[in-house]
Amino acid sequence: MSSPIELSTEDKIKQAAKELFLKHGFVGTKTRDIALAAGINLALLNYYFRSKEKLLHIIIIETLSALFDTLEIIIKDPETSFRKKVELMVDAYLNTLESQPEIPTFILNEVRRDPKILVESLKIKHRLEGSSFVFQWFEFANDNKIPPQYFIHILVNLMSLTAFPFVAKPMMSEIFTMQNEDFKIFIDQRRKWIPIWFDAIIQSFKHNYSE
């Protein structure tokens, strides 16, 4: 059993690694940088975590599991409509990104480097399969004669509409002289508008496929 001192050291390492991974990505973060930020020597870091890959795996799970646990509750609730699920998912995702705005860039970096680590570690496919969210989509697609495979457009649009502003924030700040408070207002506006845009996307599916 680990002592409080050992747990404290582990927490310092994980916190330092998380900040550096989110800021610089896996490739851009060196183990010596993590050790320096945690205030320990490199040998002690290797003693606790053995490799940067193992440490990254832990950081990914701890950073994103809470979000995906929340999303799983939403998408598997049979009492919540498909449209309401979208609204709740947008709200949950934006809340997480507002508190940890580096996550989208981190995910992009790691998806390019090794897509399996995110998909498998977070059990994304398993969480989706059998959910009422997927069932409701197929039911809706069937009723409106929409190809069910359009579901991928639903997911990609939801991810991009919520996540991309955080990736683009530095550029937006330069172009529009956007301060943090301005950005918060911007995100709150999107919180309301994304579900409305989602309705328009659904209508475009129905309209374009029926022609």
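Start by selecting Glu87, which is partly exposed at a relative accessible area of 32%. Keep in mind as you go that this is a predicted model. Now add Lys84 to the selection: the two side chains meet in a salt bridge, 3.3 Å from N to O. Both residues sit in helix α5, 3 residues apart, or about one turn of the helix. Lys84 is also partly exposed, with 35% relative accessibility.

**Along α5 and across to α11**

Stay on α5 and pick Asp91, then Arg191. They form a salt bridge whose closest N and O atoms are 2.7 Å apart. Asp91 belongs to α5 and Arg191 to α11 (residues 180–210), so this pair ties together parts that are 100 residues apart in sequence. Which side of the pair is buried, and which is partly exposed? Asp91 is partly exposed at 30%, whereas Arg191 counts as buried at 17%, because the cut-off for buried is under 20% relative accessible area.

Leave Arg191 selected and add Glu98. Here the side chains meet in a salt bridge with an N to O distance of 2.9 Å. Glu98 is in helix α5 and Arg191 in helix α11, so the pair links parts that are 93 residues apart in sequence. Glu98 is partly exposed, with a relative accessible area of 29%. To see the wider picture, extend the selection to Lys184 and Asp188: salt bridges with shared partners join Asp91, Glu98, Lys184, Asp188 and Arg191 into one network. If you want to hunt for others, a search of the whole structure finds 10 salt bridges.

**Into the pocket**

Next, select Phe68, Tyr93, Ile124, Leu155 and Met159. Of the 31 residues that line the largest pocket, these lie nearest its centre. The elements giving two or more residues to that lining are α4 (52–75), α5 (82–99), α6 (103–113), α7 (115–121), α8 (124–128) and α10 (151–176). Which element gives the most? Colour α10 to find out: it contributes 10 residues. The pocket has a volume of about 940 Å³. Colour the lining by class and you should find 27 nonpolar, 2 polar and 2 charged residues.

**A patch on α10**

Keep Met159 from the pocket selection, and note that its place is in helix α10. Met159 is partly exposed, at a relative accessible area of 48%. Add Ile152 and Val156, and turn on the surface: with Met159 they make a nonpolar surface patch of about 290 Å².

**Two backbone stops**

Most residues other than glycine have a negative phi. Now go to Arg50, in the loop between α3 (42–49) and α4. Arg50 is not a glycine, yet its phi is positive, at about 65 degrees. Its side of the story at the surface is simple: Arg50 is exposed, with a relative accessible area of 65%. Then jump to Lys123, in the loop between α7 and α8. Lys123 is another residue that is not a glycine but has a positive phi, here about 55 degrees.

**Zoom out**

Finally, clear the selection and show the whole chain as a cartoon. How many helices and strands does the protein chain have? There are 11 helices and 0 strands. The C-alpha atoms fill a box of roughly 65 × 45 × 30 Å along the principal axes. If you colour by accessibility, 39% of the 211 residues count as buried.

Methods
Residues numbered from 1 in each chain as written. Predicted model: local features only at pLDDT ≥ 70, side-chain atom pairs only at ≥ 80, totals over all residues. Heavy atoms only, no water. 1 Å grid on protein atoms, 1.4 Å probe; cavity = no way out; pocket = protein on both sides within 12 Å on 5 of 7 lines; lining within 4 Å. Points joined across faces, edges and corners; volume = space filled by probe spheres on them. Helix = DSSP H or I, 4+ residues; strand = E, 2+ residues; numbered from the N terminus. Nonpolar A, V, L, I, M, F, W, Y, C, P; charged D, E, K, R; others polar. Patch = residues over 30% accessible without salt bridge, like charges linked within 9 Å, V, L, I, M, F, W, Y side chains within 5 Å. Areas by Shrake-Rupley, 256 points an atom, 1.4 Å probe, with all protein chains shown as cover. Salt bridge = Lys/Arg side-chain N within 4 Å of Asp/Glu carboxyl O. Buried < 20%, exposed > 50% of the residue type's maximum accessible area, 1.4 Å probe, protein only.
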